[in-house]
Amino acid sequence: MLYELREYTAVPGRLPRLIQRFNDVTVELFRKHGMDLVFLSRTDFGEDSKNEIVYVLRFSSYDEVERCWAAFFADPQWQAAAAASEADGPLVASVRRRLLTSAEFPGSP
């Protein structure tokens, strides 16, 4: 099992719009493209608190990661939503992305 951890730092002042895009479009498209959303949150304390969204997706293989993301970004609904939500400028200043595996830790939850 692979877990993809993604951290999005919003452009200052744009976090509410980014949250709205996740709630209105992104989460639905994750489901549509077979992406298993394990966790989604706004950072409440610590570095980038109040200006960051963090989420985790679960995948069965690296091939599934590539296939799902390719389908997601090619989806006309995503392309339209991204363009509309960024008509006044970008929402995301930076993205940190990591693929994690617990394969070497069989006793982990």
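Contact here means heavy atoms within 4.5 Å. The model on screen is predicted.

**The sheet.** Start by selecting the strands. Four of them form an open sheet in the order β2-β3-β1-β4, and their pairing is antiparallel. At the edges lie β2, residues 36-42, and β4, residues 92-101, each of which pairs on one side only. From one strand to the next, the twist averages 15°.

**Strand β3.** Next, select residues 52-59, which make up β3. How many of the eight residues of β3 are buried? Seven are, so the strand is mostly covered, where buried means under 20% relative accessible area.

**Its pairing with β2.** Keep β3 selected and add β2. The two strands pair in the antiparallel sense over six bridges. Two residue pairs can be picked out: Arg42 has Ile53 of β3 as its bridge partner, and Ser41 has Val54 of β3.

**Its pairing with β1.** Now swap β2 for β1, residues 2-10. Between β1 and β3 there are eight bridges, again in the antiparallel sense. One place to zoom in is Leu2, whose bridge partner in β3 is Phe59.

**The helices.** Show residues 15-32, helix α1. Which strands does helix α1 lie across? It lies across β1, β2, β3 and β4, and it runs at about 15° to β3. Then add helix α2, residues 62-74, which packs on the sheet and touches β1, β3 and β4. The direction of α2 makes about 125° with that of β3.

Note on methods: Residues are numbered from 1 along each chain as its sequence is written. This is a predicted model: local features need pLDDT of at least 70, side-chain atom pairs count only at pLDDT 80 or more; totals for chains, interfaces and linings use all residues. Side-chain values use heavy atoms; hydrogens and water are left out. Two strands pair if DSSP finds at least two bridges between them. Helices (H or I, at least four residues) and strands (E, at least two) are DSSP runs, numbered from the N terminus. Axes are lines fitted to C-alpha atoms, for helices over the stretch in contact, and angles run from 0 to 180 degrees between N-to-C directions. Buried means under 20% relative accessible area, exposed over 50%, partly exposed in between (1.4 Å probe, protein chains only).
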